[in-house]
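The following note is offered to a colleague who is beginning to read protein structures. Please keep the sequence and the model in view while going through the numbered points.

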Amino acid sequence: MKTAFLIAAALFSTQVLAEDARQLAPLPPAAQEALREEMRGNLLALNEILTLMADGKVKEAGEVAEKSLGRGAMGKHMDKPFDARPGPNMPREMHRIGMDGHGDASEFAKAAASGDRDKALALLPKLTSSCIACHFSYRIR
Ligand code: HEC
């Protein structure tokens, strides 16, 4: 009896894990394409920032963060047709996570611009918190 219960519980938990509970955010194909391209750029920038930080090049890390992930990176889809702009096609809350992410990256960038390594290091996790928040809450397919 107890074994049967354990098996049932195990089956149930794998079922739960297999289910994708994230909210579907349907984006037009052109916006999906633009978003994925931007995302690959995000990952590249993140790697560059981590490498610069490890090398003690704190100010340079801040420059890359502001330009590639911070508020300085906002608006790069503005000149595209509406269907190719990811942000305004997202649910409002999803878009807000993205905007907050730009703000967080700028916060790190500001600390890094001062050259204060400890201060910049303390804010480093801010660079990835919005990635996690969005990826774990939303899917586009
Ligand atoms: C506002 C939501 C949001 C934020 C914030 C976000 N992402 Fe994404 N990301 C997505 C979505 C949606 C996809 C597409 C998933 C799919 O193709 O099914 C994606 C895809 C990706 C991909 C795959 C790209 C490809 O070629 O398919 C990478 C890499 C990625 N994100 C990295 C990041 C990193 C790094 C950050 C943080 C700096 C980040 N993302 C922040 C929503 C977000």
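1. A term must be fixed at the outset: a residue counts as buried when its relative accessible area is under 20%, as exposed when that area is over 50%, and as partly exposed in between. The model under review is a predicted one. By this wording, Met39 is partly exposed, because its relative accessibility is 33%. Buried residues account for 33% of the 141 residues in the chain.

2. The overall architecture may be described next. The chain contains seven helices and two strands. Followed along the sequence, these elements are arranged in the pattern α-β-α-α-α-α-α-α-β.

3. Which protein atoms serve as donors to the iron atom of the ligand? They are the SD atom of Met39 and the NE2 atom of His135, which lie 2.1 to 2.2 Å from the iron atom. The site has six donor atoms, with angles of 82 to 179° among them, and its geometry is octahedral. The two donor residues connect distant parts of the chain: Met39 belongs to helix H2 (residues 29-54) and His135 to helix H7 (residues 126-135), and the two are 96 residues apart.

4. Are the two donor residues buried or exposed, or do they fall in between? Met39 has already been placed in the partly exposed class. His135 is likewise assigned to the partly exposed class, because its relative accessibility is 45%.

5. The surroundings of the ligand deserve a separate point. The ligand sits in the largest pocket. There are 16 residues around the ligand, and those that come nearest are Met39, Arg40, Cys131, Cys134 and His135. Three helices, namely H2, helix H5 (92-113) and H7, each supply at least two residues of the shell around the ligand. The largest share of this shell comes from H2, which provides seven residues.

6. Polar side chains also approach the ligand. An N or O atom in the side chain of Arg36 is 2.7 Å from an oxygen atom of the ligand. For Arg40, a polar side-chain atom lies 2.7 Å from an oxygen atom of the ligand. In the case of His135, a polar side-chain atom is found 2.7 Å from a nitrogen atom of the ligand. His135 is therefore to be read in two ways, since its side chain has this polar atom by the ligand nitrogen and its NE2 atom is a donor of the iron atom, with a pair of N or O atoms within 3.5 Å being the criterion for a polar contact.

7. Another histidine, His77, may be examined in its own right. His77 is located in the loop between helix H3 (58-68) and helix H4 (86-89). Because its relative accessibility is 12%, His77 counts as buried. Which side chains does the side chain of His77 contact? One is that of Glu38, joined to the side chain of His77 by a polar contact of 2.6 Å. Another is that of Lys80, with which His77 makes a polar contact of 2.8 Å.

8. Two further buried residues may be considered together. Val64 lies in helix H3 and is classed as buried because its relative accessible area is 9%. Its C-alpha atom is separated by 8.8 Å from that of Leu46, although Val64 and Leu46 are 18 residues apart along the chain. Leu69 is found in the loop between H3 and H4, and its relative accessibility of 11% is why it counts as buried. The C-alpha atoms of Leu69 and Gly101 are 7.8 Å apart, while 32 residues separate the two along the chain.

9. The final point concerns Met99, which is found in helix H5. Met99 has a relative accessibility of 39% and therefore counts as partly exposed. Between the C-alpha atoms of Met99 and Gly70 the separation is 9.1 Å, and these residues are 29 apart along the chain.

Conventions: Residues are numbered from 1 along each chain as its sequence is written. This is a predicted model: local features need pLDDT of at least 70, side-chain atom pairs count only at pLDDT 80 or more; totals for chains, interfaces and linings use all residues. Side-chain values use heavy atoms; hydrogens and water are left out. Donors are N, O and S atoms within 2.8 Å of the metal (3.2 Å for Na, K and Ca); water is not among the atoms, so sites may look incomplete. Four donors count as tetrahedral if all angles lie between 85 and 135 degrees; four count as square planar and six as octahedral if opposite donors are over 155 degrees apart and all others between 65 and 115; anything else is irregular. Helices (H or I, at least four residues) and strands (E, at least two) are DSSP runs, numbered from the N terminus. Buried means under 20% relative accessible area, exposed over 50%, partly exposed in between (1.4 Å probe, protein chains only). A residue is near a molecule or strand if one of its heavy atoms lies within 4 Å of it. A polar contact is a pair of N or O atoms within 3.5 Å; within protein, one must be able to donate a hydrogen and the other to accept it, and residues adjacent in sequence count only if both atoms are side-chain atoms. On a 1 Å grid over the protein atoms alone, a cavity is a set of points where a 1.4 Å probe fits but cannot get out, and a pocket is an open set with protein on both sides within 12 Å along at least five of seven lines; lining residues have an atom within 4 Å of a point. A molecule sits in a cavity or pocket if more than half of its atoms lie within 2 Å of its grid points.
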